[in-house]
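Good morning, colleagues. Thank you for joining this short presentation; please have the sequence and the coordinates at hand as I speak.

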Amino acid sequence: MSCEREMAAVLRGAGQKVTPQRMLILCSVRHAEGHITASQILAEVRRSYPYIDASTVYRTLDQLEKVKLIVKSDLGAGREEYHWAEESKHHHMVCLDCGAGAELASGVVDSFRQSLLDTYGFQSDLSHMAIFGHCAACQEKKEAQYGT
């Protein structure tokens, strides 16, 4: 099945109308290497469909997120980023000093999820999240600088 047919089937399966704009936006997110911003999506879509409006991209991204085809994340860079929902079960650690990111092992998150359930009876959705802190390299740099 071609990418276009697959994306059309995915949209229809989510109860969405298949439009050229939605197809281009969804394909842009699906084929991105990791996370992609709305402005990057807009630039990519405009290469094929130059008259698309930015508001169309933002509205479509919101709708695709609501039907869980894509996931929106805030990884601390001051902007929202999107990625394909099938790849959503991953977790990030983001350094507040240098901005470096690393993936967090899902076993750590699974333990946390179970702890929330056992301790509070709280059923959490931790399918995609970012934890902010300070990476080992930045901590070492600070210790060397301040002698702590």
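I shall discuss the sheet, then the helix packing, and then several individual residues.

Please bear in mind throughout that this is a predicted model.

Let me begin with the sheet. In what order do the strands of the open sheet lie? The order is β1-β3-β2, three strands in an open arrangement, and their pairing is antiparallel. As a general reminder, the strands of a sheet pair through backbone hydrogen bonds, in either a parallel or an antiparallel manner. Here the two edge strands are β1, at residues 36-37, and β2, at residues 70-74, each of which pairs on one side only.

We may now take the two pairings in turn. Between β2 and β3, the latter covering residues 80-84, there are five bridges, and the two strands run antiparallel. Within that pairing, Asp 74 faces Glu 80 of β3, while Ser 73 has Glu 81 of β3 as its bridge partner. Between β1 and β3 there are two bridges, again with antiparallel strands. On that side, Ile 36 stands opposite Tyr 82 of β3.

How many of the five residues of β3 are buried? Four of them are, and β3 is therefore largely enclosed by the rest of the structure.

The sheet also has a helix packed on it. Helix α4, residues 54-66, touches both β2 and β3. The direction of α4 makes an angle of about 110° with that of β2.

I turn next to the helix pairs, both of which involve α4. For the first, α2 and α4 pack with their axes 10 Å apart, at an angle of about 70°. An angle between 65 and 115 degrees counts as roughly perpendicular, so α2 is roughly perpendicular to α4. The crossing of α2 past α4 is right-handed. On the α2 side, the contact is made by Gln 21, Arg 22, Ile 25, Leu 26 and Val 29. On the α4 side, the contributing residues are Thr 56, Val 57, Thr 60, Leu 61 and Leu 64.

For the second pair, helix α3, residues 38-48, and α4 have axes that come within 10 Å and cross at roughly 120°. This makes α3 oblique to α4. The crossing of α3 and α4 is right-handed. Which residues of α3 make this contact? They are Ala 38, Ser 39, Ile 41, Leu 42 and Arg 46, and they meet Ala 54, Val 57, Tyr 58 and Leu 61 of α4. Val 57 and Leu 61 of α4 thus appear in the contact with α2 and also in the contact with α3.

Let us now consider individual residues, beginning towards the N terminus. Arg 5 is located in helix α1, residues 3-13. Is Arg 5 buried or exposed? Its relative accessible area is 62%, and Arg 5 is therefore exposed. The C-alpha atom of Arg 5 is separated by 9.6 Å from that of Met 23, a residue 18 places away along the chain.

Thr 19 belongs to the loop between α1 and α2, the latter being residues 20-30. With a relative accessibility of 18%, Thr 19 counts as buried, because the cut-off for that class is under 20%. A polar atom of the Thr 19 side chain lies 3.1 Å from the backbone nitrogen of Arg 22. Arg 22 is also one of the α2 residues in the contact with α4.

Leu 24 is likewise found in helix α2. Its relative accessible area is 26%, so Leu 24 is classed as partly exposed. Apart from neighbours within four places in sequence, Leu 24 is in contact with Val 45, Ser 48 and Tyr 49. The C-alpha atoms of Leu 24 and Ser 48 are 8.1 Å apart, although 24 residues separate them along the chain.

Two backbone points remain. Lys 68, in the loop between α4 and β2, has a phi near 60°, which is a positive value in a residue other than glycine. Lys 68 is exposed, with a relative accessible area of 65%.

The other point concerns helix α6, residues 136-146. One of its eleven residues is buried, so α6 lies largely in the open. Just after α6, Gly 147 adopts a positive phi of about 65°.

That concludes my presentation, and I thank you for your attention.

Key:
Residues numbered from 1 in each chain as written. Predicted model: local features only at pLDDT ≥ 70, side-chain atom pairs only at ≥ 80, totals over all residues. Heavy atoms only, no water. Pairing = 2+ DSSP bridges. Helix = DSSP H or I, 4+ residues; strand = E, 2+ residues; numbered from the N terminus. Contact = heavy atoms within 4.5 Å. Axes fitted to C-alpha atoms, helices over the stretch in contact; angles between N-to-C directions. Buried < 20%, exposed > 50% of the residue type's maximum accessible area, 1.4 Å probe, protein only. Polar contact = N/O pair within 3.5 Å; in protein donor to acceptor, adjacent residues only side chain to side chain. Parallel < 35°, antiparallel > 145°, perpendicular 65-115°, else oblique. Left-handed = near helix turned anticlockwise from the far one by under 90°.
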